[in-house]
Amino acid sequence: MRWCKIIKNLKIIIIGDGAVGKTSILKRYMLNKFHESQMITVGVDYTVLTIKVDKNKYTLNFWDLCGARYPNNKVLNTILKKSSGCVLVYDIARRETFNNLILWNNEINKIINNIEQISFIVVGNKIDLSDDKPIDAESIDNILKTLNIGIHLFTSAKTGYNIEEVFTELIHSIMKNNK
Ligand code: G3D
Ligand code: MG
């Protein structure tokens, strides 16, 4: 009889301001496709995908949120609970979306008491827009320290740059966290 790897079921949420590229990142990862024109996410999109990382199989349950932040957001509350991983996305060409990561983190902190149970990754998307200056390294270091997050990646949902790496890194971090 062949030995079967255990399939781990992970809930992953993708958060950030509107139009930073959350839906595009997920679509690029799942379909390896990029649509020049995206449907606006109204509420929440939910998608499931089974993948293999380091010879283990994972079922990823993705929750793609719309960009609005509400105080005591019940939807965010329900979705965040029992999440294993969170991708925090900003747009490298819009500084305010980077600064707003602090606000997103505050929202999450209000909902989750033991936040260290969730693995986070910060993603600076739209790096293909090279005419727009990416956020400087010092600001990135500072925000990672403030948020207590160890991983940051620049990505492009348009070209596919680093998209695979976002989810591989996140899964590695989740597995480390669960040891
Ligand atoms: P959201 O889910 O965070 O709200 P979307 O963002 O995925 O809907 O993307 C918002 C817009 O940014 C879309 O353009 C999409 O094509 C564009 N976009 C997403 N990722 C990238 C990227 O990596 N590079 C570039 N250049 N554009 C990107 P529209 O024109 O539909 O508003
Ligand atoms: Mg969206």
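In which strand does Ser119 lie? I will start from that residue, and I should say at once that what we are looking at is a predicted model. Ser119 lies in strand S5, and, with a relative accessible area of 3%, which falls under the 20% cut-off, it is therefore counted as buried.

Let me stay with its surroundings for a moment. The side chain of Ser119 makes a polar contact with the side chain of Ser173, at 3.1 Å, and a polar atom of the Ser119 side chain also lies 3.4 Å from the backbone nitrogen of Ile174. If we set aside the neighbours within four places in sequence, the residues in contact with Ser119 are Ser84, Gly85, Cys86, Leu170, Ser173, Ile174 and Asn177.

From there I would like to turn to the nonpolar cores. The largest of them has 27 residues, and Tyr29, Leu60, Phe62, Val87 and Phe167 are those with the most contacts inside it. At least two residues of this core come from each of the strands S1 (7-16), S2 (44-53), S3 (56-65), S4 (85-91) and S5 (119-125), and likewise from each of the helices H1 and H6 (163-177). The largest share, six residues, is supplied by H6. Apart from this core lies another one, of 26 residues, which includes Trp104, Ile111, Ile140 and Leu147.

To see one of the well-connected residues in detail, take Leu60, which, leaving aside its neighbours within four places in sequence, is in contact with Leu10, Ile12, Tyr29, Thr47, Val48, Leu49, Ile51 and Ile171.

Tyr29 brings us to helix H1, where it is one of the buried residues. Why can we call H1 largely enclosed by the rest of the structure? The helix covers residues 22-31, and eight of these ten residues are buried, so the description follows from that count. The buried ones are Lys22, Thr23, Ser24, Ile25, Leu26, Arg28, Tyr29 and Met30, and just after the helix Asn32 takes a positive phi of about 50 degrees.

Finally, for a contrast with Ser119, please look at Glu116, whose place is in the loop between helix H4 (101-111) and S5. Is Glu116 buried or exposed? Its relative accessible area is 55%, which is over the 50% cut-off, so Glu116 is exposed. Glu116 and Asn148 are 32 residues apart in sequence, while their C-alpha atoms are 9.3 Å apart in space.

How values were computed: Residues are numbered from 1 along each chain as its sequence is written. Chains are lettered from A and ligands numbered from 1 in the order in which they are written. This is a predicted model: local features need pLDDT of at least 70, side-chain atom pairs count only at pLDDT 80 or more; totals for chains, interfaces and linings use all residues. Side-chain values use heavy atoms; hydrogens and water are left out. Buried means under 20% relative accessible area, exposed over 50%, partly exposed in between (1.4 Å probe, protein chains only). Helices (H or I, at least four residues) and strands (E, at least two) are DSSP runs, numbered from the N terminus. A nonpolar core is a set of buried Ala, Val, Leu, Ile, Met, Phe, Trp, Tyr and Cys residues joined through side-chain atoms within 4.5 Å. Contact means heavy atoms within 4.5 Å. A polar contact is a pair of N or O atoms within 3.5 Å; within protein, one must be able to donate a hydrogen and the other to accept it, and residues adjacent in sequence count only if both atoms are side-chain atoms.
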